[in-house]
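Please look over the sequence and the structure shown below, and keep both in view while reading. The report that follows moves from one part of the fold to another, and each part can be checked against the picture.

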Amino acid sequence: MLCWILALSGLCFPWNLKLKEIVNQGKLVSDEIIIDLLSKRLEAGEAKGESGFILDGFPRTVRQAEILEGVTDIDLVINLKLRKEALLAKCLGRRICSECGGNYNVACIDIKAENGKPGMYMAPLPPPPQCASKLITRADDTEEVVKQRLRIYQAMTLPVEDFYRSRGKLLEFDLPGGVRESWPKLLHALNLEDEEDKQSAAA
C-alpha cells in the first residue's frame, strides 16, 4: 500500500524499544501510536517547507485510512503486488550486517512461467566481502511471523484497497521482478519517465 518513508529518527528511546518489541512479535503498531507519530512528523515537515511525502505500509486498515483522510490529503495509493511465494522467499532472505547495519538479501527468486502466468526473476542483493561473515537475520523474519503478517494482511488490509479504489486513487502495479525490471515500468505507469530523463540529463 502507501509508502511510509517519512523519517521517524527523532523518536525517543522508549518509543524505539516499544516499536521494536511490537514488530519483533509480528504484530501491528496501534492506530493511536501511528497517527500520533505521523501527525507530528507531517507538522515538522511542513514547518521545514517540505512539499510532499511518501508513506510505506500505512494505512493497513480502513479505520486508519479514514483517520488519515482527516489528517492530510492523499493524492495516490500504489499497491505493489508480489506473488506470495516470491514475497515469502524475499522476507526470509533478508539479512543485516551486524557491524555496519547494511541491508541485503540472499534469496534468489526464479519462478518459471506456467498456466498463463509470466515467470519472475529477482536476483539476490549480496553483501560486500567485508560484510559477508557478519550477516544476521532479523528477529521477526521467521516463516511463522511472515505468514502471520500475510494472514493479517488478508483479513485487514485487502479492504483498504477497495477503500481507495472506490475513490479513484488506487494504482495496482504487479512487480515484474527486481528493482532493475520494476523501476522503469513503475515510472511508466506513473507517467514519470520524462522527469527521470530530465534528472539524468541534469546530473
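Strands β4 and β8 run antiparallel, and 2 bridges join them. One of the facing pairs is formed by Ile-96 and Ile-136, the latter in β8. It should be said at this early point that the model is a predicted one.

**The open sheet**

The pairing of β4 with β8 belongs to an open sheet of 3 strands, which follow the order β5-β4-β8 with antiparallel pairing. The edge strands are β5, residues 103-105, and β8, residues 135-136, and each of these pairs on one side only. Strand β4 covers residues 94-97, and its antiparallel pairing with β5 extends over 3 bridges. Along this pairing, Arg-95 stands opposite Tyr-104, while Ile-96 has Asn-103 of β5 as its bridge partner. Ile-96 therefore has a partner in β5, namely Asn-103, and also faces Ile-136 in β8, if a strand pair is understood as one with at least two bridges. In a regular strand, the side chains alternate between the two faces of the sheet. The connection between β4 and β5 is a hairpin with 5 residues between the strands, and Gly-101 in its turn has a positive phi of about 85°.

**The chain as a whole**

How many helices and strands does the protein chain have? Its secondary structure comes to 7 helices and 9 strands. The protein chain has 203 residues, and 33% of them count as buried. Among contacts with a separation of 6 or more, 65% are accounted for by residues 24 or more positions apart. The chain exposes about 13,000 Å², of which carbon and sulfur atoms supply 55%.

**Two nonpolar cores**

The largest nonpolar core holds 19 residues, and those that touch the most other members are Val-29, Leu-38, Phe-58, Leu-68 and Tyr-164. Two or more residues of this core are given by each of the helices α1 (13-24), α2 (31-47), α3 (62-71) and α5 (143-165). The largest share, 6 residues, comes from α2. A second, separate core has 6 residues, including Ala-86, Ile-109, Ile-111 and Met-122.

Helix α2 also appears in the lining of the second largest pocket, to which it gives the most, with 6 residues. The volume of this pocket is about 230 Å³. It is lined by 13 residues, and the closest to its centre are Leu-42, Glu-46, Glu-50, Phe-53 and Thr-72.

**Two buried residues**

Is Met-120, which lies in strand β7, buried or exposed? Met-120 counts as buried because its relative accessibility is 6%, and the limit for a buried residue is under 20%. Leaving out residues up to four places away in sequence, Met-120 touches Leu-82, Arg-83, Ala-86, Ile-109, Asp-110, Ile-111, Leu-175, Pro-176 and Gly-177. Ile-109 is 11 residues away from Met-120 along the chain, and their C-alpha atoms are separated by 7.2 Å.

Ser-182, found in helix α6 (residues 179-189), is likewise buried, with a relative accessible area of 6%. When its neighbours within four places in sequence are left aside, the residues in contact with Ser-182 are Phe-173, Leu-175, Pro-176 and Gly-177.

**Backbone details in the loops**

A cis peptide bond leads from Phe-58 to Pro-59, with omega near 5°. Pro-59 lies in the loop between β2 (55-56) and α3, and Phe-58 has already been named in the largest nonpolar core.

Two residues other than glycine have a positive phi: for Asn-115 the value is about 50°, and for Asn-191 it is near 60°. Where they lie, and how accessible they are, can be read from the table.

| Residue | Phi | Loop | Relative accessible area |
|---|---|---|---|
| Asn-115 | about 50° | between β6 (109-111) and β7 (120-122) | 77% |
| Asn-191 | near 60° | between α6 and α7 (193-202) | 65% |

Asn-115 counts as exposed because its relative accessible area is 77%, and the limit for an exposed residue is over 50%. Asn-191 is exposed as well, with a relative accessible area of 65%.

How values were computed: Residues numbered from 1 in each chain as written. Predicted model: local features only at pLDDT ≥ 70, side-chain atom pairs only at ≥ 80, totals over all residues. Heavy atoms only, no water. Helix = DSSP H or I, 4+ residues; strand = E, 2+ residues; numbered from the N terminus. Buried < 20%, exposed > 50% of the residue type's maximum accessible area, 1.4 Å probe, protein only. Contact = heavy atoms within 4.5 Å. Areas by Shrake-Rupley, 256 points an atom, 1.4 Å probe, with all protein chains shown as cover. Core = buried A, V, L, I, M, F, W, Y, C linked by side-chain atoms within 4.5 Å. 1 Å grid on protein atoms, 1.4 Å probe; cavity = no way out; pocket = protein on both sides within 12 Å on 5 of 7 lines; lining within 4 Å. Points joined across faces, edges and corners; volume = space filled by probe spheres on them.
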